[in-house]
Amino acid sequence: MQILIRILAKNKYVFYFFFLVLISFISIFNNNLYYNSSFFNSSNYIVGSIFQIRSSIVNYFNLNKINSDVMSENFLLKKKLLEINRNKHIYSDSISILNYDTYEIINAGIINNSVYKKNNYFTLDKGQEDGIKVDQGVIGFNGIIGKIHSVSSNFSVGHSLLSSKLIIPSSVGKSKITSSVSWFGKNPEVLNVLYVPKHLNINEGDTVYTSSFESIFPEGIPISVIKKIDKNSNSNFLYIESNPIENFYSVKNVYVVENKMKQEQKLLELNNEK
Amino acid sequence: MKNKIISFCIVFFLQVVIFEKTYFFNSVIFSPIIFYFIIFNYFKNSFSQLTFSFIVGFLLDIFSNSPGVYSLALSLMVFIRNFWIPFYFPFDRISSNKLYNSYELGIQPFLFYSLPLIFTFNSAIYIFDLSSVGFFPFFILKILLSTFLNFILVLILQFLLVSSDTKYDWN
């Protein structure tokens, strides 16, 4: 025992270092411990406020671009609205419209975003007080952005689609082949489409959409466009690479979607599993 | 002392607000904060320096949403420095009241002293935080390029923040 104490006392600096390394490794490999507390990430008040100031300054110098983005978004929305009005009688019974009624939308701004890490995150300028909750989906004007992970009163942090921790249930092409989309952490321009059997026919240029399986995102939101299909992969599934539709480098304004029926759906699914 | 705290806060702020968001040429990260951990005075087995590096790393982790990565990288760098200085410098050149910068050591010794430390820091960041290793030689090349450019950044910061006649003033 005395020898042990002597060794500890003699090498206390080294042991202290290994203790710090242990804490770091626990933080690196146990993300839940870290993210369950909103204090330890950029959703905390001080960090969020600093990023908000930074974002306001950057946005001020990009006002022209933001303005033209909003104009083109308005133009497309106007076009869609006219189309819906023109075909009101067709849409009135449509399932897709009913489907969108189950979702509530909150608009938010991205104040901090990363694209080059293994697991990328974004920080939103809205939090609990604005109705943001954990596990809500985040979409941009063009497509999927990610999922909320941690919320404080005024800010929230989410997993970006460019995070290996996020797998989005999806459907490919017109025949709506069930699949999943994930990022393998290499190139921010490449998302992988998983679990598409080899015998099914899909083509380069097909769009990958969200499916309603996870009840986080509305069905039919574009995720990516297929760029490369490899039928000679060793597994039973095709190796598919796709380009994300949303531009993660420049996205500023997003919509957080809340499925009002999610709780009910989950409860029912849980009861069925018992 | 007050000036040093202010300059440290400014460099920390630049790190989290500007440099943390930029990934130059899709391969290089700049970390100005390492400047302080390379040049500060040497005290053998200093718990306070190790603790300070861990706390600064922890704060950087909060800003960059990278749990544990910067705290590991900075404490690893300070730990290695603790053994690197007595190994690299002759016994009579080690002093607790001097700064380890290029004014004090000369450019070439400073280069050989600081490059392994910067390389250690960058390796930890690249391995645990940045995108997957991928093609290994290219991955190493990225770390080496980052190391060299960070060395230049450290030199620039040193010329901006440390004047050559105040070299003994950082206790």
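This tour proceeds through a predicted model, chain by chain, and names what to select at each stop.

**Stop 1: chain A as a whole**

Select chain A and display it as a cartoon. Its secondary structure comes to 8 helices and 12 strands. Along the principal axes, the C-alpha atoms of chain A fill a box of roughly 85 × 50 × 40 Å. Of the 274 residues in chain A, 31% are buried. Among the contacts in chain A with a separation of 6 or more, 58% join residues 24 or more positions apart.

Next, colour residues 2–35 of chain A, which form domain 1, and then residues 37–274, which form domain 2. How far apart do the C-alpha centres of domain 1 and domain 2 of chain A lie? The separation is 39 Å.

**Stop 2: where chain A touches chain B**

Now show both chains together. On chain A, 25 residues are in contact with 23 residues of chain B. Select α2 (12–29), α3 (31–35) and α4 (45–61) of chain A, since these are the elements that each give two or more residues to the side touching chain B. Which of the elements supplies the largest share of that side? It is α2(A), with 9 residues. When the residues on this side of chain A are coloured by character, they divide into 14 nonpolar, 7 polar and 4 charged.

**Stop 3: helix α4 of chain A**

Keep α4(A) selected and hide the remainder for a moment. This helix has 17 residues, and the distance from its first C-alpha to its last is 25 Å, close to the 24 Å expected at 1.5 Å a residue. Display the side chains of A:V47, A:G48 and A:F51, which are buried in α4(A). Why do they lie on the same side of the helix? They do so because they cover an arc of only 90° around the axis. In general, an α-helix has 3.6 residues a turn, so residues three or four places apart point the same way.

Rotate the view to the face of α4(A) turned away from its buried side. The exposed residues there are A:I46, A:I53, A:S56, A:I57 and A:Y60. Then restore the surroundings: the cover over the buried residues of α4(A) includes β1 (103–113) and β2 (119–124) of chain A, together with α3 (47–64) of chain B.

**Stop 4: chain B as a whole**

Select chain B alone. It has 7 helices and 0 strands. Buried residues make up 39% of its 171 residues. In chain B, 70% of the contacts with a separation of 6 or more are between residues 24 or more positions apart.

**Stop 5: the largest nonpolar core**

Select B:I34, B:A73, B:L74, B:M77 and B:F121. These residues have the most contacts inside the largest nonpolar core, which has 82 residues. Helix α4 (residues 69–88) of chain B gives the largest share of this core, 9 residues. In soluble globular proteins, nonpolar side chains tend to be buried together.

Centre the view on B:M77. Leaving aside residues up to four places away in sequence, B:M77 touches B:I34, B:F37, B:L117, B:T120 and B:F121.

**Stop 6: B:P116**

Finally, select B:P116, which is placed in helix α6 (residues 107–128) of chain B. B:P116 is partly exposed, because 15 other C-beta atoms lie within 10 Å, whereas a buried residue would need 20 or more and an exposed one 12 or fewer. To end the tour, draw a distance from B:P116 to B:K21: the two are 95 residues apart in sequence and 25 Å apart in space, C-alpha to C-alpha.

Notes. Residues numbered from 1 in each chain as written. Chains lettered and ligands numbered in written order. Predicted model: local features only at pLDDT ≥ 70, side-chain atom pairs only at ≥ 80, totals over all residues. Core = buried A, V, L, I, M, F, W, Y, C linked by C-beta atoms within 7 Å. Helix = DSSP H or I, 4+ residues; strand = E, 2+ residues; numbered from the N terminus. Contact = placed C-beta atoms within 7 Å. Domains from an automatic or database assignment. Nonpolar A, V, L, I, M, F, W, Y, C, P; charged D, E, K, R; others polar. Expected span 1.5 Å × (residues − 1). Arc of directions from axis to C-beta.
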